[in-house]
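Visitor: I would like to know how the labels given to a structure are earned. Could you walk me through some of them?

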Amino acid sequence: MLIPHPLLGPRDAQEFTYLGDAALMQRPDPQAGEAAFADYVFQRDNPAGVHRELWYHEYGDRSWLVVTRDTTTHEILGAKLARNVKMGLPE
Amino acid sequence: MTDLTPMGALGTAGPAAARHGALTLTEDCAITLLSLALRDETSALADLPLPGPGAYARSGDLAAFWTGPGQWMVESRDAAAARAAIAALPGARMTEQSDGWVVIRICSEAGAPPLRALTEKLVNLPAETLAPGRATRCQLHHLNCLVTRPAETELCVMTLRSAALSLWHALEATARRLPAAAAT
């Protein structure tokens with residue numbers, strides 16, 4: 001499986017470590033209350049289909065990527081630097 | 001006072017060396033490595049333009065390669081000059097890395113083909129990723145390595161110093177097993 005790194009081009013998925021749902025980047029406000037944090041920590045969507053997830057380029061430039069992957073076919077539909085996604089910057 | 005004898009990362013008194021076909025492997029004990037992190041848009045270190053993603057650049061005694069967004073590894077034979085050059089950059093962070101790594105240089109006497117054959121055996125990357133003037137971090141025999149290609153006939157592989165013997169074994173065994181046609 002190849003992941004199209006936005007800076008380094010296609011790289012083997014073995015170089016990456018998988019973290020999970022990219023929704024983890026939307027951490028609730030500290031004042032949001034227990035229910036919001038319980039949802040943030042424990043609840044995950046588990047879609048059969050297109051999923052946005054966080055991958056860490058451990059054997060590479062150590063950047064976090066938001067990878068869009070189809071969980072039924074393992075097709076990688078795109079990858080962006082998580083930093084740019086979080087800051088609303090272009091790729 | 002105790003008489004201490006310095007030795008290289010591979011346990012040899014001097015830099016370890018081996019030769020297989022057109023390839024010569026040499027441990028580089030004299031290089032200074034400094035990691036550099038910058039928060040602003042500084043684009044040059046003294047006379048050296050800081051290279052972009054996947055690139056390696058050299059100017060005089062200073063060389064640098066990109067290791068991540070806003071981060072580089074700086075190489076030099078003159079530790080004091082390299083430190084002074086980095087210290088002169090506003091907002092630069094540097095970390096001494098020299099003793100953390102083992103550096104093995106592989107030189108070819110027959111141009112680029114033997115080095116290309118070697119990298120094709122070792123790393124799961126397109127050969128262009130390690131063309132002259134390129135550098136990358138990658139996995140090699142399950143080791144986390146930094147690989148640079150300073151010149152057409154020179155490839156440099158670095159890994160954690162504690163894994164020096166594993167890297168040496170991987171490189172030497174691969175160089176020894178290259179088909180004679182590729183090794184010359």
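**How the labels are earned**

Guide: Gladly, and let us start in chain A of this predicted model. Arg27(A) sits in the loop that joins strand E3 (17-21) to helix H1 (34-42) of chain A.

Visitor: What makes Arg27(A) count as exposed?

Guide: A residue is called exposed if 12 or fewer other C-beta atoms lie within 10 Å of its own. Arg27(A) has 12 C-beta neighbours inside 10 Å, so it counts as exposed.

Visitor: How far is Arg27(A) from Phe37(A), C-alpha to C-alpha?

Guide: The two C-alpha atoms are 8.2 Å apart, for residues separated by 10 positions along the chain.

Visitor: Let us turn to chain B. How do you know that its radius of gyration agrees with that of a compact globule?

Guide: For 184 residues, the globule rule gives a value near 16 Å; chain B has 17 Å, and therefore the two agree. Along the principal axes, the C-alpha atoms of chain B fill a box of roughly 50 × 50 × 30 Å. Buried residues make up 34% of the 184 in chain B. Of the contacts in chain B with a separation of 6 or more, 58% join residues 24 or more positions apart.

Visitor: What confidence does the predictor attach to all this?

Guide: Chain B has a mean pLDDT of 91, with 98% of its residues at 70 or more. The model scores are ipTM 0.82 and pTM 0.88.

Visitor: Which secondary structure elements does chain B have?

Guide: Chain B has 4 helices and 13 strands. One of the helices is H1 (residues 79-87), whose buried residues are Ala82(B), Ala85(B) and Ile86(B).

Visitor: Why are the buried residues of H1(B) said to line one face of the helix?

Guide: Looking down the axis of H1(B), you find them within an arc of 95 degrees, so they line one face. Ala80(B), Ala84(B) and Ala87(B), on the other side of H1(B), are exposed. As background, residues three or four places apart in an α-helix point the same way, because there are 3.6 residues a turn.

Visitor: What covers the buried residues of H1(B)?

Guide: The cover includes strands E3 (32-37), E4 (44-45), E7, E8 (71-76) and E9 (93-96) of chain B.

Visitor: How is chain B divided into domains?

Guide: The domain assignment gives domain 1 as 17-30 + 100-183 and domain 2 as 32-98. Their C-alpha centres are 23 Å apart. The contact between them draws 13 residues from domain 1 of chain B and 12 residues from domain 2 of chain B.

Visitor: Which strands supply the domain 1 side of that contact?

Guide: E11 and strand E12 (143-151) of chain B each bring at least two residues to the side of domain 1 that touches domain 2. E12(B) gives the most, with 4 residues. By class, this side of domain 1 of chain B holds 5 nonpolar, 5 polar and 3 charged residues.

Visitor: And how many residues does each chain bring to the contact between chains A and B?

Guide: Chain B brings 10 residues and chain A brings 10 residues. On the chain B side, strand E7 (62-68) and strand E11 (135-140) each supply at least two residues. E11(B) gives the most to that side, with 3 residues.

Visitor: What classes do the residues on the chain B side fall into?

Guide: There are 3 nonpolar, 6 polar and 1 charged on the side of chain B that touches chain A.

Terms used
Residues numbered from 1 in each chain as written. Chains lettered and ligands numbered in written order. Predicted model: local features only at pLDDT ≥ 70, side-chain atom pairs only at ≥ 80, totals over all residues. Contact = placed C-beta atoms within 7 Å. Nonpolar A, V, L, I, M, F, W, Y, C, P; charged D, E, K, R; others polar. Rg over C-alpha atoms; globule rule 2.2 N^0.38 Å. Buried ≥ 20, exposed ≤ 12 C-beta atoms within 10 Å, placed from the backbone. pLDDT = per-residue confidence, 0-100. Domains from an automatic or database assignment. Arc of directions from axis to C-beta.
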